[in-house]
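Pull up the model and get the sequence alongside it. We'll begin with one side chain and then step back to look at a sheet.

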Amino acid sequence: MSERVLGDIATKLLFENDRVRVWELRLAPGERSAVHRHDLDHLLIQISGDRIAIEPEPDSAGPFKDYLAADVVPGAVIPVDRGGIETAVNVGERAYLEVIVELK
């Protein structure tokens, strides 16, 4: 069995210092992120889009254990505990944009 390769948690690293790491995640309709692991507690800040889904891996230790699809609420700030191994999927009809702030 081949070992799983994990990607970055988002599309582009925007900023990093000794306290935080800030990412941008952009997904076109139907686009999937890389399978990734969240090693740090983080905040998801939804900017735009209409529907987003999370597909957790079977060994995910984060708060999301089952497939979850939800409406996007621009401006929403969602705190998430570390440990998730997952793929984000834009299941909406509009481009999705969020900012992820990892807390070191």
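In this predicted model, a polar atom of the K65 side chain sits 2.7 Å from the backbone oxygen of G62. That isn't the end of the story for this lysine: the K65 side chain also reaches the backbone oxygen of S60, this time at 3.3 Å. Both distances fall within the 3.5 Å cut-off used for a polar contact between N or O atoms.

So where does K65 sit along the chain? Look in the loop that runs between strand 5 (51–56) and strand 6 (68–71). If you set aside the neighbours within four places in sequence, K65 is in contact with P56 and S60. S60 is thus a residue to click on twice, as its backbone oxygen is what the K65 side chain reaches. For another landmark, try E55: K65 and E55 are 10 residues apart along the chain, and 8.5 Å separates their C-alpha atoms.

Now for the sheet. As a reminder, strands of a sheet pair through backbone hydrogen bonds, and they can do so parallel or antiparallel. Here you'll find an open sheet of five strands, ordered 1-2-9-4-7, with antiparallel pairing. Strand 1 (12–16) and strand 7 (77–80) are the edge strands, each pairing on one side only. Going from one strand to the next, the twist averages 20 degrees.

To see the pairing up close, go to the strand 1 edge. Strand 1 and strand 2 (residues 20–27) run antiparallel and are joined by four bridges. Which residue in strand 2 is the bridge partner of L13? It's W23.

How values were computed:
Residues are numbered from 1 along each chain as its sequence is written. This is a predicted model: local features need pLDDT of at least 70, side-chain atom pairs count only at pLDDT 80 or more; totals for chains, interfaces and linings use all residues. Side-chain values use heavy atoms; hydrogens and water are left out. Helices (H or I, at least four residues) and strands (E, at least two) are DSSP runs, numbered from the N terminus. Contact means heavy atoms within 4.5 Å. A polar contact is a pair of N or O atoms within 3.5 Å; within protein, one must be able to donate a hydrogen and the other to accept it, and residues adjacent in sequence count only if both atoms are side-chain atoms. Two strands pair if DSSP finds at least two bridges between them. Axes are lines fitted to C-alpha atoms, for helices over the stretch in contact, and angles run from 0 to 180 degrees between N-to-C directions.
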